[in-house]
Amino acid sequence: MFKKILVALDRSEIGQQVFEEALGLAKLTQASLMLVHVLSPEEEGSPYVPMLSNFDYYPGLSSQNFELYQKQWDTFKNLGIQMLQSFCAQANAAGITTEFTQNIGNPGRIICDFAHSYDADLIVMGRRGRSGLMELFLGSVSNYVLHHAPCTVHVVHLSVAPKTHEVVKETTNSLSVN
């Protein structure tokens, strides 16, 4: 069975679902968890890299851009650590041995390399659902991991159940007004 589960997380809406799925598997198998967050420009909420030009039309503007970018990057890093600490505390409270790490780089490669060095039995990760041209140009982290991982990969898809629940609420509200 599984002894070491690597959980690849980001701050997208599927992150909570990925964590809950991994936690459930860890409880069933008494496995330990390693939570991994990769800081990447492709992640939702990542700050944009300031464009630096060779022409210094406005002295000091490029240094101001860099300082603003650095502040945004620090906030982005801190939010990632806070997410990992929160998930780690939840897992530890449930009696599951859990650690976390945050790295910078290409998410697919880092997840696969870390799974190899951690000697993971399973990788649990989410899928954003990119397809067509978006996947061609931006790539798919889950697709990369599926093809390069040293162990089994479990991909969690975003459930669409909440949307149908909202429609029901709207319908009942409009009926009660009339």
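These notes cover the sheet, two helices that pack on it, and one buried histidine in a predicted model.

1. **Sheet order.** The model has an open sheet of five strands. Their order is 3-2-1-4-5, and the pairing is parallel.

2. **Edges and twist.** Strand 3 (98-104) and strand 5 (152-157) form the edges. Each has a single partner strand, so one side of each has no neighbour in the sheet. From one strand to the next, the twist averages 25°.

3. **Strands 4 and 5.** Strand 4 covers residues 122-127 and runs parallel to strand 5. Six bridges join the two. One detail to check by eye: Met125 has Val155 in strand 5 as its bridge partner.

4. **Helix 1.** This helix spans residues 15-29 and packs on the sheet. It touches strand 1 (4-9), strand 2 (32-39), strand 4 and strand 5. Its direction makes about 175° with that of strand 1.

5. **Helix 3.** Residues 107-118 make up helix 3. It lies across strand 1, strand 2, strand 3 and strand 4. Relative to strand 2, helix 3 runs at about 150°.

6. **His37.** Where does His37 sit? It is in strand 2. Is His37 buried or exposed? Its relative accessible area is 0%, and the cut-off for buried is under 20%, so His37 counts as buried.

7. **Surroundings of His37.** The side chains of His37 and Gln102 share a polar contact of 2.7 Å. Beyond its neighbours within four places in sequence, His37 is also in contact with residues including Leu9, Asp10, Arg11, Glu43, Gly80, Met83 and Leu84. Thr101, Gln102 and Asn103 are on that list as well.

Key: Residues are numbered from 1 along each chain as its sequence is written. This is a predicted model: local features need pLDDT of at least 70, side-chain atom pairs count only at pLDDT 80 or more; totals for chains, interfaces and linings use all residues. Side-chain values use heavy atoms; hydrogens and water are left out. Two strands pair if DSSP finds at least two bridges between them. Helices (H or I, at least four residues) and strands (E, at least two) are DSSP runs, numbered from the N terminus. Axes are lines fitted to C-alpha atoms, for helices over the stretch in contact, and angles run from 0 to 180 degrees between N-to-C directions. Contact means heavy atoms within 4.5 Å. Buried means under 20% relative accessible area, exposed over 50%, partly exposed in between (1.4 Å probe, protein chains only). A polar contact is a pair of N or O atoms within 3.5 Å; within protein, one must be able to donate a hydrogen and the other to accept it, and residues adjacent in sequence count only if both atoms are side-chain atoms.
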